[in-house]
Amino acid sequence: MDVVALKEEIIQYSRTIGIDKIGFASADPFFELKERLRQQQHLGYQSGFEEPDIDKRTTPSLLLSEARSIIAIALAYPSKLKNAPRSTKTERRGVFCRASWGQDYHVILRDRLQKLEQFILARIPNARVKSMVDTGELADRAVAERAGIGWSGKNCSIITPEFGSYVYLGEMITNIPFPPDTPIEDQCGTCTRCIDACPTGALVQGGQLNAKRCIAFLTQTKTFIPDEFRDKIGNRLYGCDTCQLVCPKNKGKDFHFHPEMEPDPEVVKPLLKPLLHMTNRQFKEMFGHLSGAWRGKKPIQRNAIIALAHYKDESAIDDLLMLLREDSRPVIRGTAAWALGKIGNRKVMPMLQQAKENEQDEDVIREIDKALVMLENV
Ligand code: SF4
């Protein structure tokens with residue numbers, strides 16, 4: 001088998017199926033990453049969404065015996081929203097982060113990787129391949145870094161010279177010994193803009209992320225957002241792009257190569273109040289195709305309530321009172337109570353008192369008390 005020629009064929013083919021960058025890496029264990037992950041686990045920096053088995057995350061041969069190489073792919077996504085609707089005083093809007101615009105990227109990348117697999121298997125029928133995107137065991141970023149897709153920035157994103165960090169990553173482990181590409185040298189230099197701009201100080205020790213403080217992670221949880229972070233969430237419904245937006249390497253990077261990644265402005269910058277009362281079906285119809293819908297309706301609704309509090313939107317008071325009275329989910333009732341306190345209109349105090357008398361859930365009662373204290377101090 002002429003692996004050099006096959007590699008070249010794969011590179012050429014990848015361009016015809018909408019893969020914007022491709023790189024090849026060895027399938028050796030990721031020793032350095034293993035050490036870093038252990039340290040992160042020890043410090044409690046992990047989100048809990050990742051594969052818990054560090055050996056699996058760092059040892060490709062545990063995922064595919066005879067693993068010899070990994071093919072890394074990157075697809076550039078848009079960073080600018082065309083015809084963005086305006087958020088007005090009584091019609092406030094929230095935002096989904098850029099990685100959740102358009103069709104769920106897992107679906108798009110799986111399609112590209114499947115095509116690549118078929119291409120390889122048509123040439124080498126007994127080849128062994130295993131592809132993954134994001135939710136797979138391997139760390140996409142470590143693979144992309146080794147395969148020369150980009151360097152790992154201090155914002156914990158892979159930064160490509162061509163597309164900045166606005167890229168989705170995926171990879172395929174193979175038993176074919178493709179010659180590896182050369183990693184790209186770190187180009188962050190002395191810059192610390194992302195670390196300085198992070199709203200919650202989640203970027204620590206230049207290149208490490210404390211996921212528990214990261215807004216992108218917090219917006220995906222299903223419980224109460226800890227108090228210290230609520231004011232920092234702003235109008236974010238899902239994810240946070242701050243560390244990408246401030247990065248000078250992303251300046252002017254906005255690529256619209258893939259029609260399925262084009263965002264619908266009304267979907268990715270939706271009105272907040274209608275979100276509060278959506279049925280599961282309505283939610284699925286409007287947002288089901290986004291990667292940001294993966295945790296369901298509750299976190300997005302909770303974040304919408306926090307966003308209304310951020311705007312101190314008096315026009316949302318009746319909606320929030322209704323949630324406090326009628327919603328079956330404590331996190332929604334409690335966050336609504338807190339938001340009423342934040343909005344700061346004392347006329348809701350009797351309704352909060354009433355809700356407290358009827359409330360059984362201790363967490364919700366705590367939130368009502370917080371709201372009452374805020375309103376007493378208005
Ligand atoms: Fe690197 Fe600066 Fe971009 Fe952070 S903002 S990733 S330090 S170049």
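A residue counts as being near the ligand if one of its heavy atoms lies within 4 Å of it. With that in mind, let us walk through this predicted model, beginning at the ligand and moving outwards.

**Around the ligand**

Which residues are around the ligand? They are G153, K154, N155, I159, C188, C191, R193, C194, C247, P248 and K249. By character, this shell divides into six nonpolar, two polar and three charged residues. The space that the ligand takes is the largest cavity.

One member of the shell, I159, is worth a visit of its own. I159 belongs to strand β6. Is I159 buried or exposed? Its relative accessible area is 1%, so I159 is buried, the cut-off for that class being under 20%. From I159 to S79 the sequence distance is 80 residues, while their C-alpha atoms are 14 Å apart in space.

Just before that strand you will find C156, in the loop between β5 (151-152) and β6. The backbone is worth a look here: phi of C156 is near 65°, a positive value in a residue other than glycine. C156 counts as buried because its relative accessibility is 10%. Strand β5 itself includes W151, which is buried at a relative accessible area of 1%. W151 and C240 are 89 residues apart along the chain, and 21 Å separates their C-alpha atoms.

K312 also has a positive phi in a residue other than glycine, with a value near 50°. K312 is found in the loop between α14 (297-310) and α15 (317-326). Is K312 buried or partly exposed? With a relative accessible area of 45%, K312 is partly exposed.

**Aromatic rings**

How many aromatic pairs does the structure hold? There are eleven. One of them joins Y77 and Y166 in an edge-to-face arrangement, with 5.8 Å from centre to centre and 65° between the planes. This pair links distant parts of the chain, 89 residues apart: Y77 is in the loop between β2 (69-76) and β3 (95-96), and Y166 is in the loop between β6 (158-159) and β7 (167-174). Both Y77 and Y166 are buried.

The rings of F255 and F257 make a tilted pair, because their centres are 5.3 Å apart and their planes meet at 35°. F257 counts as partly exposed, since its relative accessibility is 44%.

Back with the tyrosines, Y77 and Y166 belong to one aromatic cluster together with Y105 and Y168.

Charges meet rings in this model too. R123 places its charged end over the ring of F119, at 3.7 Å from the ring centre. In another part of the list of contacts, R146 lies over the face of F30, 3.7 Å from the centre of that ring.

**Sequence distance and space**

Here are some residue pairs for you to locate in the viewer, with separations in space taken from C-alpha to C-alpha.

| Pair | Apart in sequence | Apart in space |
|---|---|---|
| L209 and F178 | 31 residues | 32 Å |
| I159 and S79 | 80 residues | 14 Å |
| W151 and C240 | 89 residues | 21 Å |
| D319 and H277 | 42 residues | 8.4 Å |

Two residues in this table still need an introduction. L209 has its place in strand β9 (residues 208-209). L209 counts as partly exposed because its relative accessibility is 24%. D319, on the other hand, lies in helix α15. Where does D319 stand on accessibility, buried or exposed? Its relative accessible area is 17%, so D319 counts as buried.

How values were computed:
Residues are numbered from 1 along each chain as its sequence is written. This is a predicted model: local features need pLDDT of at least 70, side-chain atom pairs count only at pLDDT 80 or more; totals for chains, interfaces and linings use all residues. Side-chain values use heavy atoms; hydrogens and water are left out. On a 1 Å grid over the protein atoms alone, a cavity is a set of points where a 1.4 Å probe fits but cannot get out, and a pocket is an open set with protein on both sides within 12 Å along at least five of seven lines; lining residues have an atom within 4 Å of a point. A molecule sits in a cavity or pocket if more than half of its atoms lie within 2 Å of its grid points. Ala, Val, Leu, Ile, Met, Phe, Trp, Tyr, Cys and Pro count as nonpolar, Asp, Glu, Lys and Arg as charged, and the others, Gly among them, as polar. Rings of Phe, Tyr and Trp (its six-membered ring) pair if their centres lie within 6.5 Å; planes under 30 degrees apart count as stacked, over 60 as edge-to-face and the rest as tilted. Helices (H or I, at least four residues) and strands (E, at least two) are DSSP runs, numbered from the N terminus. Buried means under 20% relative accessible area, exposed over 50%, partly exposed in between (1.4 Å probe, protein chains only). A charge sits over a ring if NZ of Lys or CZ of Arg is within 6 Å of the ring centre and within 35 degrees of the ring normal.
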